[in-house]
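Visitor: I have this model open at my bench and would like to look closely at one small part of it. Please start with a single residue of your choice, and then lead me outward from there to whatever it connects with.

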Amino acid sequence: MVIAVYPGSFDPATYGHLDVIKRASVSFDKIIVGVLHNSAKSPLFSVEERVNILEKATKDIPNVEVKPFEGLSVNFARENHAQVIVRGLRAVTDFEYELQMAQTNRVLAQDIDTVFMTTSLEYAYLSSTIMKEVASFGGDLSKFAPPEIIEAVKQKMPKDKQIK
Ligand code: PNS
């Protein structure tokens, strides 16, 4: 049984993240999505909200579980008996940071491998940051995330910026 963790901020999840989760759920027996609780950052959504959003968005994929975590991703992987860390790679701009992180994780934990999934082309430009930027100006979010997530983002925006 090969268990993979997919750690990230997911503030909030986008179609890009959901695409990686869906595809990884085919390649691994179990995917545990790890939502980072990072007290140094001030996310739009609390860790509980981000977990909740992801649980709803992945409810139809039976081998996916969503959990909050703090600290190192390799420790989260170990605690969940995972052999693999999954990360999505959108473009070459992601590569340097992702490679450094994967190499650091490998130094920290030789028994855990990072597997990169190339993001589907239609989501290659997409990030939670981009979605929040568009939302902050009242733009159309329909290409970025499912309706429930868009609704959650809308609720966080000041009333005068809300999308019709
Ligand atoms: O969605 P993100 O913000 O790109 O995810 C980054 C994340 C959460 C995977 C990364 O910051 C992380 O693993 N943080 C936990 C601390 C850690 O393990 N760092 C890796 C060693 S460099």
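Guide: Let's start at Asp94, which sits in helix α4, a helix made of residues 92-108. One thing to keep in mind as you turn the view: this is a predicted model. Is Asp94 buried or exposed? Its relative accessibility is 13%, and because buried means under 20%, Asp94 counts as buried. Beyond its neighbours within four places in sequence, Asp94 is in contact with Gly88 and Leu89. Both of these contacts belong to strand β4, which covers residues 84-89, and that strand is our way into the sheet.

From β4, look across to β1, residues 3-8: the two strands run parallel and are joined by 2 bridges. If you want a pair to click on, take Val5, whose bridge partner in β4 is Ile85. On to β2, then: β1 pairs with β2 over 6 bridges, again in the parallel sense. Here the residue to pick is Tyr6, with Val33 of β2 as its bridge partner. Strand β2 has 5 of its 7 residues buried, so the rest of the structure largely encloses it.

Now step back to see the whole arrangement. The sheet is open and has 5 strands in the order β3-β2-β1-β4-β5, with parallel pairing. At the edges are β3 (64-69) and β5 (113-118), each of which pairs on one side only. Direction ignored, neighbouring strands in this sheet are turned against each other by 30 degrees on average. As background, strands of a sheet pair through backbone hydrogen bonds, either parallel or antiparallel.

Helices lie against these strands too. Helix α1, residues 15-27, packs on the sheet and touches β1, β2, β3, β4 and β5, while its direction makes about 120 degrees with that of β5. Helix α2, residues 47-57, lies across β2 and β3 and runs at about 150 degrees to β2.

Let's return to β4, this time for the ligand. Arg87 falls within the 84-89 stretch of β4, and a polar side-chain atom of Arg87 lies 2.9 Å from an oxygen atom of the ligand. Two serines make similar approaches: a polar side-chain atom of Ser73 is 2.6 Å from a ligand oxygen, and in Ser9 a side-chain N or O atom is also 2.6 Å from an oxygen atom of the ligand. With the protein in place, 73% of the 550 Å² of accessible area that the ligand has on its own is covered. The residues around the ligand include Pro7, Gly8, Leu36, Gly71 and Leu72. Our starting helix takes part as well: Tyr97, Met101, Thr104 and Asn105 are among the surrounding residues, and their numbers place them in α4, residues 92-108.

Just past Ser9, the chain enters a stretch worth a pause. Phe10 is in the loop between β1 and α1, and its phi is near 50 degrees, a positive value for a residue other than glycine. At 3% relative accessibility, Phe10 counts as buried. Pro12 is found in the loop between β1 and α1 too, and the peptide bond leading to Pro12 from Asp11 is cis, with omega near -5 degrees.

For a contrast, go to His81, in the loop between α3 (73-79) and β4. Its phi is near 55 degrees, again positive in a residue that is not glycine. Unlike the buried Phe10, His81 is exposed, with a relative accessible area of 62%.

One more loop residue rounds off the walk. Asn63 is in the loop between α2 and β3, and its side chain reaches two backbone oxygens: that of Ser25 at 2.8 Å and that of Asp29 at 3.2 Å. Leaving aside neighbours within four places in sequence, the contacts of Asn63 are Ser25, Phe28, Asp29, Lys30 and Ile31. Ser25 lies within α1, residues 15-27, and Lys30 and Ile31 lie within β2, residues 30-36. Asn63 therefore touches both α1 and β2, because contact means heavy atoms within 4.5 Å.

Methods. Residues are numbered from 1 along each chain as its sequence is written. This is a predicted model: local features need pLDDT of at least 70, side-chain atom pairs count only at pLDDT 80 or more; totals for chains, interfaces and linings use all residues. Side-chain values use heavy atoms; hydrogens and water are left out. Two strands pair if DSSP finds at least two bridges between them. Helices (H or I, at least four residues) and strands (E, at least two) are DSSP runs, numbered from the N terminus. Axes are lines fitted to C-alpha atoms, for helices over the stretch in contact, and angles run from 0 to 180 degrees between N-to-C directions. A residue is near a molecule or strand if one of its heavy atoms lies within 4 Å of it. A polar contact is a pair of N or O atoms within 3.5 Å; within protein, one must be able to donate a hydrogen and the other to accept it, and residues adjacent in sequence count only if both atoms are side-chain atoms. Accessible areas come from the Shrake-Rupley method with a 1.4 Å probe; for residues, only the protein chains shown count as cover. Buried means under 20% relative accessible area, exposed over 50%, partly exposed in between (1.4 Å probe, protein chains only).
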